[in-house]
Amino acid sequence: MGYNISTDTNGSNDIFYRDMTFLHTGDLHLGKRQNGFDRIPDQRDILEKITGICRERRPDALLICGDVYDAAFPPRDAVTLLDDFICGVSMLGVKVLMISGNHDSAERLRFGGRLMSRAGVYIAGETDRLPIAFETLGDGYGDVRFVMLPFLRAADIRNMLGDGAPDDPAEAFKALFDTLPPFSGRQVLLSHQFYLPSSGDIFRCDSESPTVGGLDALPVSALDGFCYAALGHIHTPQAVGRESVRYCGSPLKYSASEAFAEKSVPFVTLGEDGEASVELIPLKPERDVRVISGSFDSLIGAAASTDPGEREHYYYVTLKGGDEPPDAMARLRYWYPNIMQLSVEAAGSPSVFDDSDGDSYDGGSTAELFSEFFGMQNGRAPDDSELRLIDEALMSSGEEDRP
Ligand SMILES: [Mn+2]
């Protein structure tokens, strides 16, 4: 946004417009604990780096595309961190546009949003009314409409579109976009759904928890009307179908499967004609996630000659060779204080030791789990006839009701 009035070499007073630019982030997962480690200090570090990019590059807007927090009830340090981040970016004169993801509580995230919009901080967490939120920012070439779609479950779409909602998710999304007021200018989308290209697949990793009550993969063709689609949800940075539809990826590595991924933030320049050019600005954390493997002796031997700074990273360690002593974890931690996980690869089945606080489910029968799932989907407990249907379905699938 904004423009520079300058004198060109001919001495005439032409106005040179500056193309609109924005920075695309998402999947911050603030407050996440990873294998027992509080990642708030790392998150503060990486958000300060993103703020630094804003300071240097002065984009018109910073987009935060969902999974802002790791949980619906974020710890207070996470809330403080987000407050500091948004405030710091906003003070630079950069607008902030933020949507809720499947990990966020949409209602909590949008607290104060109507007031904050006056300061250029826009939050979309509405899932219960039309139209979906949008903000219009202008540059010298006219207005650009940012369509801000909070993470939507199938039930949200039914609530928004009513009885006429198409069953096909792709059709439903088109119908949602059709409810927006007509607009002929350039449009940018913020969304936190699972989109797939028409051919091929996308790179996924272990830290994207499957979405309860989520929609099936949406075809990326649903986004054809947008100059740029800023997506969140998938933690590996990648384009989907075309360069200007992309997942920015999480700014930090939240699983061992991401150890070799390059994290980055797309810096997007939107031309007069709606052409979006993308520059990936690399993100380098103070403390990285590493994967090492080898025999106990070889790892201990290598540790002594490894730079102490290097040993401060987070490590996923796999021991091979069967020479590990009973106190292997303690002895490795002497050298590598931040071991997130230690696995022993024996000839038989691999075993894993970690201090994870665990995502695995902690009991409950399949029917109980289904009832919980039903509640998340529909906002109420299943009634008797629905419970009978669940039982019948479990019986016919051969899935016995576990204790
Ligand atoms: Mn995520």
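Which strands does H2 lie across? In this predicted model, select helix H2 together with its neighbours: H2 lies across E6, strand E7 (95-99) and E8. The helix runs at about 145° to E7.

**The sheet**

Next, display the strands on which H2 rests. E6, E7 and E8 belong to an open sheet of six strands, in the order E8-E7-E6-E3-E17-E18. The pairing in this sheet is mixed. At its edges are strand E8 (121-124) and E18, each of which pairs on one side only. On average, neighbouring strands are turned by 20° against each other, with direction ignored.

Now select helix H1 (residues 40-57). H1 packs on this sheet and touches E3, E6, strand E17 (264-270) and E18. Its direction makes about 175° with that of E3.

Within the sheet, focus on E3 and E6. These two strands pair in the parallel sense over four bridges. Phe22 stands opposite Ala61 in E6, and Phe22 is the residue to follow to the next stop.

**Aromatic pairs**

The structure holds seven aromatic pairs. Select Phe22 and Phe146 for one of them: the arrangement is edge-to-face, with 5.7 Å centre to centre and 80° between the planes. Phe22 lies in strand E3 (residues 20-25) and Phe146 in strand E10 (residues 142-148), so this pair ties together parts that are 124 residues apart in sequence. Phe22 is buried at 0% relative accessibility, and Phe146 is likewise buried, with a relative accessible area of 0%.

A further pair is found by selecting Phe37 and Tyr314. Their ring centres are 5.4 Å apart and their planes stand at 75°, so the pair is edge-to-face. Because Phe37 lies in strand E5 (residues 37-38) and Tyr314 in strand E20 (residues 314-320), the pair ties together parts that are 277 residues apart in sequence. Phe37 is buried, with a relative accessible area of 17%; Tyr314 is buried too, at 2%.

Before leaving the rings, return to Phe22 and Phe146 and add Tyr228: the three residues form one aromatic cluster.

**From Tyr314 to Asp288**

With Tyr314 still displayed, select Asp288. This residue lies in the loop between strand E18 (276-282) and strand E19 (289-294). Is Asp288 buried or exposed? Its relative accessible area is 15%, so Asp288 counts as buried, the cut-off being under 20%. Leaving aside neighbours within four places in sequence, Asp288 is in contact with Lys253, His313 and Tyr314.

**Charges over rings**

Two arginines may be selected with their partner rings. The charged end of Arg57 sits over the ring of Phe267, 4.5 Å from its centre. Arg108 lies over the face of Phe73, at 3.9 Å from the ring centre.

**The manganese site**

Finally, centre the view on the manganese ion. Which residues coordinate the manganese ion? The donors are Asp27 (OD), His29 (NE2), Asp67 (OD) and His235 (NE2), at 2.1 to 2.4 Å. Along the chain they follow the spacing D-x1-H-x37-D-x167-H. Asp67 and His235 link distant parts of the chain, 168 residues apart. Asp67 is in the loop between strand E6 (61-65) and helix H2 (76-91), while His235 is in the loop between strand E14 (228-231) and strand E15 (238-240). Both Asp67 and His235 are buried.

How values were computed
Residues numbered from 1 in each chain as written. Predicted model: local features only at pLDDT ≥ 70, side-chain atom pairs only at ≥ 80, totals over all residues. Heavy atoms only, no water. Buried < 20%, exposed > 50% of the residue type's maximum accessible area, 1.4 Å probe, protein only. Contact = heavy atoms within 4.5 Å. Phe/Tyr/Trp six-rings, centres within 6.5 Å; stacked < 30°, edge-to-face > 60°. Lys NZ or Arg CZ within 6 Å of the ring centre and 35° of its normal. Donors = N, O, S within 2.8 Å, 3.2 Å for Na, K, Ca; no water. Pairing = 2+ DSSP bridges. Axes fitted to C-alpha atoms, helices over the stretch in contact; angles between N-to-C directions.
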